[in-house]
Amino acid sequence: MKTIKINSSIVFLSFFSFFLCTVAACDSDNDGDTTRPVIRIIAPAEDAHLLIGDEEGVLFEAEFSDDIQLASYKIDIHYAGDGHMHTRHGDGEEELPEFSYQRSFTLQGTREQVSHRNIVIPEGVRPGEYHLVVYCSDTSGNESLVARDIVLIEEEHDHDH
């Protein structure tokens, strides 16, 4: 009986040692880059009013930084308003489509400032409140995001109220 008790203790200790080694090995995998990139949006500002149909496009400026290596950033603009819109769209009330924009760009290095006018808001989209969300990833797969509220507006039209 003592040999069975000794063998079961050895098996238990062996299993327990294996378990501890496995847990320790998993923890050492996390010693790499775990720092998320930093995003600083310069333009557009919070609650900026952006003109629908502006052929020049929206000025987007941001600075990205990471402690190791940047990989990419993505801009996502989507509709955020669900209330009544008081605008005139010709003779009848039309339901205009919501504007949506998604595009990814490549980054390099540990710090990069970008400035471009790739976002063009076409005529015929719904004015109102939108979210502008910027995501940034580094080469280790860490991701961060920053969100802004923006408002899409049409040119001012004189009309009787």
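Two strands count as paired if DSSP finds at least two bridges between them, and the strands themselves are DSSP runs (E, at least two residues), numbered from the N terminus. What follows describes a predicted model, in which local features need pLDDT of at least 70 and side-chain atom pairs count only at pLDDT 80 or more, while totals for chains, interfaces and linings use all residues. Residues are numbered from 1 along each chain as its sequence is written, and side-chain values use heavy atoms, with hydrogens and water left out.

Starting with the three-stranded sheet, β1 (residues 38–43) and β3 run antiparallel and are joined by 5 bridges. Within that pairing, Arg40 has Glu63 of β3 as its bridge partner, and Ala43 sits opposite Glu61 in β3. On to the next pair: β3 and β6 (residues 111–119) are antiparallel too, over 7 bridges, with Ser65 facing Arg111 in β6. Put together, this gives an open sheet of 3 strands in the order β1-β3-β6, with antiparallel pairing. β1 and β6 are the edge strands with a single partner each, so one side of each has no neighbour in the sheet. The twist from one strand to the next averages 20°, taken between axes that are lines fitted to C-alpha atoms, with angles running from 0 to 180 degrees between N-to-C directions. As for β3 (residues 58–65), 6 of its 8 residues are buried, where buried means under 20% relative accessible area, exposed means over 50% and partly exposed lies in between (1.4 Å probe, protein chains only).

The other sheet is also open, with 5 strands in the order β2-β8-β7-β4-β5 and mixed pairing. Here β2 (48–51) and β5 (101–106) are at the edges with a single partner strand each, so one side of each is left without a neighbour in the sheet. Neighbouring strands are turned by 25° against each other on average, direction ignored. β7 (residues 128–138) pairs with β8 (residues 143–153) in the antiparallel sense over 10 bridges, and Val134 stands opposite Val146 in β8. β4 (residues 70–79) is antiparallel to β7 over 9 bridges and is joined to β5, again antiparallel, by 6 bridges. Ile77 shows up in both pairings: it faces Leu132 in β7 and Tyr101 in β5.

β4 also holds Asp76, a bit of an oddity to look at. Asp76 is buried yet has no salt bridge, the nearest side chain of opposite charge being Lys74 at 5.3 Å; Lys and Arg count as positive and Asp and Glu as negative, with His and the chain ends not counted. A salt bridge here is a side-chain nitrogen of Lys or Arg within 4 Å of a carboxyl oxygen of Asp or Glu. Beyond its neighbours within four places in sequence, Asp76 is in contact with residues including Tyr101, His131 and Tyr135, contact being heavy atoms within 4.5 Å.

By the salt-bridge rule, the count comes to 5. One of them pairs Arg117 with Glu56, the closest N and O atoms being 3.4 Å apart. This pair links strand β6 to the loop between β2 and β3, 61 residues apart. Arg117 is partly exposed at 36% relative accessibility, while Glu56 is exposed at 52%.

Arg126 is buried, with a relative accessible area of 14%. Its side chain forms a salt bridge with that of Glu98 (3.4 Å, N to O), and another with Glu95, where the closest N and O atoms are 2.0 Å apart. Glu95, Glu98 and Arg126 thus belong to one network of salt bridges that share partners.

How values were computed
Helix = DSSP H or I, 4+ residues; strand = E, 2+ residues; numbered from the N terminus.
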